[in-house]
Amino acid sequence: MSVISFTSLANAGFSELGGKHMQYSKFWNFNSSQKSAEKKQQIPQLSGRTGMLILYAPAFLAALSCLLCFPHHSTRHLLLSSALTLHFLKRLLEVQFVHSYSGGMSIDTAIPISLSYFLSTATMIYGQNLTQGLPEPLIDLKETGILLFLIGISGNFYHHYILSKMRSKGDKEYKIPKGGLFELVICPHYFFEIMGFVGVSCISQTLYAFSFAMGTALYLTGRSCATRKWYLSKFKEFPQTVKALIPYVL
């Protein structure tokens, strides 16, 4: 599962760099030719909000069930279940009360992503359960992981909030984001999401958790670069100094 998770996420990231995008957010209908558009009309379409709820709800329920219904053989196990529950609860609340959506999502995009989140969450917690009875790692990264996770979800929420305030009610036009780290990179919310999952992997300290975090980093790096390219093509005034993901670097 570690190999499958890392490989599939890394492949998705390279696909983003190559111009083949996951069909949601600003890349909704981005790759559509006339033939693919006709095919898409035959596939059930969801609103952006409904699609995002489908993405996160199964993973949240999996994490919450593990947190409430199963015994925790270690502090690390309890922290991991709590962190994943909090992460997906935050995402669900943002979908419902923070984000504004201008596009939709096809069901054939929503289901694979939802399954990926669900399986990754369940596998990460199950993998932690398999460590029962094994000695603790020589270097304990739990406290570092907690700090990174809290900074990650806080920074991610803050920049999502900035994005939500850029649009008035009923406005569906994209604008160049301003404020926070948007002055330096176009996807600071992805930067902090990566930080959050690195924090989760440090809390867990299992092979699967680190594989998922690294795979997520590669996917979001590809998505960030594609997003920067999209802004450059759409806005002539987009600042060339604004990077994709990492300030002054990438």
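The following exchange walks through a predicted model, beginning with its cores and then turning to its helices, loops and single residues.

Colleague: Which helix gives the most residues to the largest nonpolar core?

Modeller: The largest nonpolar core of this predicted model has 32 residues, and those with the most contacts inside it are L80, L84, M124, V200 and F238. Two or more residues come from each of helix 1 (2–17), helix 3 (48–69), helix 4 (75–97), helix 5 (107–129), helix 6 (142–164), helix 7 (188–204) and helix 8 (207–234). The one that gives the most, with nine residues, is helix 8.

Colleague: How many residues does the second, separate core have?

Modeller: Residues named in this second core include Y56, A59, F60 and F88. It stands separate from the largest core, and its number of residues is 13.

Colleague: Which residues does L84 touch, not counting residues up to four places away in sequence?

Modeller: L84 is among the residues with the most contacts inside the largest core, a group to which M124 and V200 also belong. Once residues up to four places away in sequence are set aside, the residues that L84 touches are A63, T121, M124, I125 and V200.

Colleague: Is L92 buried or exposed?

Modeller: L92 lies in helix 4, and, leaving aside neighbours within four places in sequence, L92 is in contact with L53, Y56, A57 and F60. Its relative accessible area is 15%, and because the cut-off for that class is under 20%, L92 counts as buried.

Colleague: How do helix 1 and helix 8 run relative to each other, roughly parallel or roughly antiparallel?

Modeller: The two helices pack with their axes 7 Å apart, at an angle of about 5°. The contact of helix 1 with helix 8 has 13 nonpolar, seven polar and two charged residues. Because angles under 35 degrees fall in that class, helix 1 and helix 8 are roughly parallel.

Colleague: How far apart are the end C-alpha atoms of helix 6?

Modeller: Helix 6 has 23 residues, and at 1.5 Å a residue these should span 33 Å, the expected span being taken over one less than the number of residues. The model agrees with that expectation, because the end C-alpha atoms of helix 6 are separated by 33 Å.

Colleague: Which helices do the buried residues of helix 6 pack against?

Modeller: The buried residues of helix 6 include F149, G152, I153, H159 and H160. The elements they pack against are helix 4 and helix 7.

Colleague: What distance separates the C-alpha atoms of G152 and G196?

Modeller: G152 lies in helix 6 and is buried, with a relative accessible area of 1%. Apart from neighbours within four places in sequence, G152 is in contact with F192, M195 and G196. Although G152 and G196 are 44 residues apart along the chain, their C-alpha atoms are separated by 4.2 Å.

Colleague: Is F157 buried, partly exposed or exposed?

Modeller: F157 also lies in helix 6, and, with residues up to four places away left out, F157 touches K90, E94 and V98. Its relative accessibility is 39%, and because the class between buried and exposed runs from 20% to 50%, F157 counts as partly exposed.

Colleague: Which residues are in contact with H99, leaving aside its neighbours within four places in sequence?

Modeller: H99 lies in the loop between helix 4 and strand 2 (104–106). Although H99 sits in a loop, H99 is buried, with a relative accessible area of 16%. Its contacts, neighbours within four places left aside, are R49, R91, E94 and H160.

Colleague: What is the relative accessible area of T206?

Modeller: T206 is found in the loop between helix 7 and helix 8, where, not counting residues up to four places away in sequence, T206 touches G127, Q128, T131 and S201. T206 is buried, and its relative accessible area is 10%.

Colleague: What is the phi of Q205?

Modeller: Q205 lies in the loop between helix 7 and helix 8 and counts as buried, at 18% relative accessibility. Q205 is not a glycine, and yet its phi is positive, at about 55°.

Colleague: Is Y248 buried or exposed?

Modeller: Y248 is found in the segment after helix 8, and its phi is near 70°, a positive value in a residue other than glycine. Its relative accessibility is 68%, and because the cut-off for that class is over 50%, Y248 counts as exposed.

Note on methods: Residues are numbered from 1 along each chain as its sequence is written. This is a predicted model: local features need pLDDT of at least 70, side-chain atom pairs count only at pLDDT 80 or more; totals for chains, interfaces and linings use all residues. Side-chain values use heavy atoms; hydrogens and water are left out. A nonpolar core is a set of buried Ala, Val, Leu, Ile, Met, Phe, Trp, Tyr and Cys residues joined through side-chain atoms within 4.5 Å. Buried means under 20% relative accessible area, exposed over 50%, partly exposed in between (1.4 Å probe, protein chains only). Helices (H or I, at least four residues) and strands (E, at least two) are DSSP runs, numbered from the N terminus. Contact means heavy atoms within 4.5 Å. Axes are lines fitted to C-alpha atoms, for helices over the stretch in contact, and angles run from 0 to 180 degrees between N-to-C directions. Angles under 35 degrees count as roughly parallel, over 145 as roughly antiparallel, 65 to 115 as roughly perpendicular and the rest as oblique. Ala, Val, Leu, Ile, Met, Phe, Trp, Tyr, Cys and Pro count as nonpolar, Asp, Glu, Lys and Arg as charged, and the others, Gly among them, as polar.
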